[in-house]
Structures are given as C-alpha cells and as structure tokens.
Amino acid sequence: MKATQNHHFSYDVIISGAGPVGLFLACELALANCSVLILEKAENPHSPLKQLPFGIRGLTTPTIEALYRRGLLEELEVPKRLKKPHANVMQGPRHQAGHFAGIPFHEVDVDTSRWEYRLPGSTATHLIAELEELETVLARRAKSLGVTIKRGLAVTDFYQREDRVTVQSGDQSFQGKWLVGCDGGRSVVRKQGGFEFAGTEPEFTGYSIKVDIADPDKLRPGRNLTEAGMYFQSQPGYLLMQDFDGGAFHHSQEPVTLEHVQEVLRRISNTDVSISALQMATTWTDRARQTTTYRNGRVFLAGDAAHIHAPLGGQGLNLGLGDAMNLGWKLAATIRGKAPEGLLDSYEAERHPIGVQVLDWSRAQVALMRPDPSTRALRAVIRDLLDTRDGATYVAGRVWGIQTHYEIAGNHPLVGHSVPNIELEDGSRIGEQMRDGRGILLDFGSNLSLNLLASEYSDQVTYVTGRANDLFGISAVLIRPDGIIAWVSASEPDEQSIRQAAALWLAR
Ligand SMILES: Cc1cc2nc3c(=O)[nH]c(=O)nc-3n(C[C@H](O)[C@H](O)[C@H](O)COP(=O)(O)OP(=O)(O)OC[C@H]3O[C@@H](n4cnc5c(N)ncnc54)[C@H](O)[C@@H]3O)c2cc1C
C-alpha cells in the first residue's frame, strides 16, 4: 500500500502509546513548548483492567513528588477517597505500609528520622491511585497544553534520517524530529528499532480474574500463599493468582476458560471451590527484561517499552513515570537548542541503573514466593526481619522509592537526590514553584554572583531568593526541572563550582 504523505504535520516529538508514561512525557514536553503527537493503538481509553480493583496502582515517593510538582496530584480523586494510603487493602491494628513478596511491613516500625533530608509536610511517601483516573487526568492536562492525541492509530514502523523520523501507522505517515516508544511491554518501537531486550524468563503465570463463586466461603480474603502458589482476593470475586508453571500457560496463548481458571484456583487454594461465571480474565508473567540501551539515534524508549517485570510490589508504573520525568526536560532542551553536550545521553546513564535495581527487586520477590519448603523457611526469616525497625526501614526506603537517586558528582550528600520540599518564608513550598517545569536556583543568601548567573540562564532557570524555614545548613541549591539537586552550597557559594554544575545541565 502506498503511504499517504502528511509532511505538513511535523512535530517536535512523536510518542507511541498514550499509557501513563507516554501521556506524562507528552505533558513534560508540551510544558516546555514542544509540539507533540501521541499515536495510540486503542480506540477506547477505558478498560475494566484499568479501573478499581484491578487498576489499583501504588504510587511511590518520586511519582507523588513528580505529580505534586506539576500540580497534578490534587486532581486525583482516588487517593482522597481512600483517605489513608492502602486503606482498602490493608487493615488491622498495626497499619500495613507495604510489602515485600507479600510479607507486610508496618508504618510504626519505619524510622523516618533516618531519612535526614525528608521534611515533615512533604508529599505522602506512598499512595494508591487508579490507573484509568491517572490516565484521564494526564490526557486532560496534555490536551490543555496543546498535545495532539490520535487514538485508534497504532505505530507499525518508522524510518530514521539525520534530522527526523518518519513514523508509519498503517498507510498513514507522520514526521517528527524525535520518536519515543512508550508503547508498553510489547513495544513495536522497541522491536522495529532493533533494541536488545535482555533478561530472565518467567517462573509463573499470573492471573487477574473477575468471577462469580458458588461457594465463596471456601476462599480466604487477602493474600494467601499456599503449597501450590498464591491467590489474593481483594473483594469477593476479584482474584489475582500466581501459578508457578514457568509461564507456560501465558505463553501458550490458549483462551482463559472458566474450566481452566477453576482448575488453577482449586489447585492453588487446595479447595474444591466452584466458579459459576467467568466475567473477565487476563494473564501476565514475571518475565524480567530490560533493553540494553534506551536510545537509538532519534528514537528513545521509556516505561514498559524499555523494561518489564512482575507487577509484585508494583513498581513498573513508577519506574516508567520516572523515565518520563527524566527524559522530558532533556529532550525539550535539546529541541530548543539549549542542551549542553551529553545531556540527552544522561537519560540512559541515569535511568538504566534504576531499572536494573527495580528488576532485581522484583526477581528477589519472585524467589521468595516459590512454593517449596526451603522458600517457606526463608520467608519466615524475612518476616522476622521486616518486623524489626532496621528491616522495615530498609524495605520501606526501597518500596516507597525514598532511596532513589542519581550518581551526580558533588560535594554534598543531597546532590543527585530529589529536593526536599523546603518551606519558604511566605509559607509556600519549593515543590509548588515547579509547575512551569523550569529549573530553580534557590538562594537563601541573596548572593550577587548567583543572581548574575541566574540572569545568564534566565530562559531556563528561575531565581528564587529569600529565607526558608528549614535550611539544613544550606545556603543555595540548583534544582533541575525534574526536581533533582544538581548543586548545593552549605556555606558562602563558590562561583566556580556553581558555574561548573550549571554548565553540565544548562546551555546558553
Ligand atoms: C496486575 C498488575 C498490577 C500492577 N500494579 C502496579 C502497581 O501497583 N504499581 C506500579 O508502579 N505498577 C504496577 N503495574 C505495572 C504498570 O501498570 C505498568 O508498568 C504501566 O502501566 C506501564 O505504563 P506504560 O505507559 O509504559 O505502558 P502501558 O500502560 O502498557 O501503555 C502503553 C500504551 O501503548 C499503547 N500501544 C501499544 N502498542 C502500540 C503501538 N504499536 N502504537 C501505538 N500505541 C500502542 C497501548 O494501547 C497502551 O495504551 C501493574 C501491572 C499489572 C499487570
């Protein structure tokens, strides 16, 4: 078929996929005045799998901070409705604050005072959201910023040239300066782009099912690890199951029938429970893979397109939104001709190692869920450890994403970390000043040389001066548009050091 040429439709960036990662990236790019087209395969953005209870997604600290900094957090109703984080799935006298391989840890055991730079009054450390609502809020924001979203158009292929990428969707073609594949675990951009997807094969088939059960008393509520696998009943009839079949059923592509689901559920629950109707079913696995690179010329990958792993402990969405927050401002700066050398490559350098950590965190959980006696013994040990202050604090730091940071050279422990939500004299918080997506030079000392430097970069950085209510002994901070600290001064600012730091992230 002959391609229809749409050369007059030329965009700065074309994004494949209007999932949460593609939408958030589009918002970041549009905020920085880039023209963005999203091509989305599905015509209908709604799906029961994106709605509660299956669409429940745990948000970690970096995600909550990112949404807060762009004024999006307040638009999410589900966390407000649930009031308490995890309130709908975790009850009991000791409030459960998360889990590792299904082993709970509790809020009271977590010693938050060890997170030296986390301020009281910062955003929540963990929240629950609904995937569909998150996508709705992000799509609304993207459209209000001028992003074009075309639904029902799947990216089928693309061709790179020196200065642009031509993206095919069937017989239609679109031109962009850059292409970002945010098209999920089966990414066409990844496959067509020749990215290597390396990793490990699955140990189980996971099921998300909605069923009518004739004899519901035969099943227990909540998470149940048994001698044959795991089943989790969040509400009557809504079940997640893990069957350690090496992922065979998922890969067989056989239809998920009532008979099959009943057989798996009976075996895992060790009951003769009867399913009277199968209303919905989907399968997934713990296959863990990551592309070895995140960039090929003018093409990037972000989100599930770049990394997949078991949804245990729910980190995939957070990992993907972190990719988008990191890539957005760097790509926008490049498009505006304001990127210092190496800025765009720092996306992969910073995000790939975080992906490695998350995949291993997921693998460790799968290993702790294997239905065999040795694993059960090991789980008992880990359970005891998670009941200690050290154990709970360590796991919370990782599950909530508090420990996430980038390796950036600097002379202060805060460099490379997310900026604390410092309260300024006027009662506002620094996170609220980041809605426009620009960098910030925060100067508590009204230093003349910092003021001059900020004016030299005034198209990229906002100069904020004044006093703060909690300074941690800091006199000035350079904050990247993604909220990461690029430079800190704990005493009289050294002009040479801030100029060096600024030149790494900004361009004149
Ligand atoms: C049961 C389950 C529970 C989970 N729980 C959590 C959790 O609690 N916390 C968490 O962080 N993560 C969780 N995850 C993972 C999380 O949902 C994913 O990591 C996240 O949705 C990935 O977002 P994405 O935008 O990268 O990809 P997706 O959400 O997969 O979106 C990709 C989009 O691209 C579209 N698309 C696909 N192919 C094309 C194409 N060729 N052209 C154009 N468009 C295309 C798709 O239709 C889709 O809209 C869970 C996953 C599952 C399965």
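**A buried arginine, a ligand shell and a surface patch**

Arg 480 sits in the loop that links β23 (476–479) to β24 (485–489). The model described here is a predicted one. Although placed in a loop, Arg 480 has a relative accessible area of 3%, and because buried means under 20%, this residue belongs in the buried class. Two acidic partners meet its side chain. The side chain of Glu 350 makes a polar contact with the side chain of Arg 480 at 2.9 Å, and a further polar contact, of 2.8 Å, joins the side chains of Arg 480 and Asp 482.

The ligand makes a good next stop. Around the ligand there are 26 residues, of which Glu 40, Arg 57, Val 155, Asp 304 and Leu 317 come nearest. Sorted by class, this shell holds 11 nonpolar, 10 polar and 5 charged residues. Several elements contribute to the shell: α1 (20–31), β2 (36–40), β3 (56–60) and α8 (316–335) each provide at least two residues. Helix α8 gives the largest share, with 3 residues.

Oxygen atoms of the ligand pair with both side-chain and backbone atoms of the protein. In the side chain of Arg 57, an N or O atom is 2.9 Å from a ligand oxygen. A polar backbone atom of Val 21 lies 3.1 Å from an oxygen atom of the ligand, and for a backbone N or O atom of Gly 316 the distance to a ligand oxygen is 3.3 Å. On its own the ligand would expose 1000 Å², and the protein buries 82% of that area.

Away from the ligand, two further sites are worth a look. Ser 208 is part of strand β12 (residues 205–213). Its relative accessibility is 7%, so Ser 208 counts as buried. Along the chain, Ser 208 and Leu 49 are 159 residues apart, yet their C-alpha atoms are separated by 8.5 Å.

The second site is on the surface. Leu 378, Val 381 and Leu 385 make a nonpolar surface patch of about 260 Å². Leu 378 is found in helix α10 (residues 373–386). With a relative accessible area of 45%, Leu 378 is partly exposed; a patch residue must have over 30% relative accessible area, so Leu 378 meets that cut-off.

How values were computed: Residues numbered from 1 in each chain as written. Predicted model: local features only at pLDDT ≥ 70, side-chain atom pairs only at ≥ 80, totals over all residues. Heavy atoms only, no water. Near = heavy atom within 4 Å. Polar contact = N/O pair within 3.5 Å; in protein donor to acceptor, adjacent residues only side chain to side chain. Areas by Shrake-Rupley, 256 points an atom, 1.4 Å probe, with all protein chains shown as cover. Helix = DSSP H or I, 4+ residues; strand = E, 2+ residues; numbered from the N terminus. Nonpolar A, V, L, I, M, F, W, Y, C, P; charged D, E, K, R; others polar. Patch = residues over 30% accessible without salt bridge, like charges linked within 9 Å, V, L, I, M, F, W, Y side chains within 5 Å. Salt bridge = Lys/Arg side-chain N within 4 Å of Asp/Glu carboxyl O. Buried < 20%, exposed > 50% of the residue type's maximum accessible area, 1.4 Å probe, protein only.
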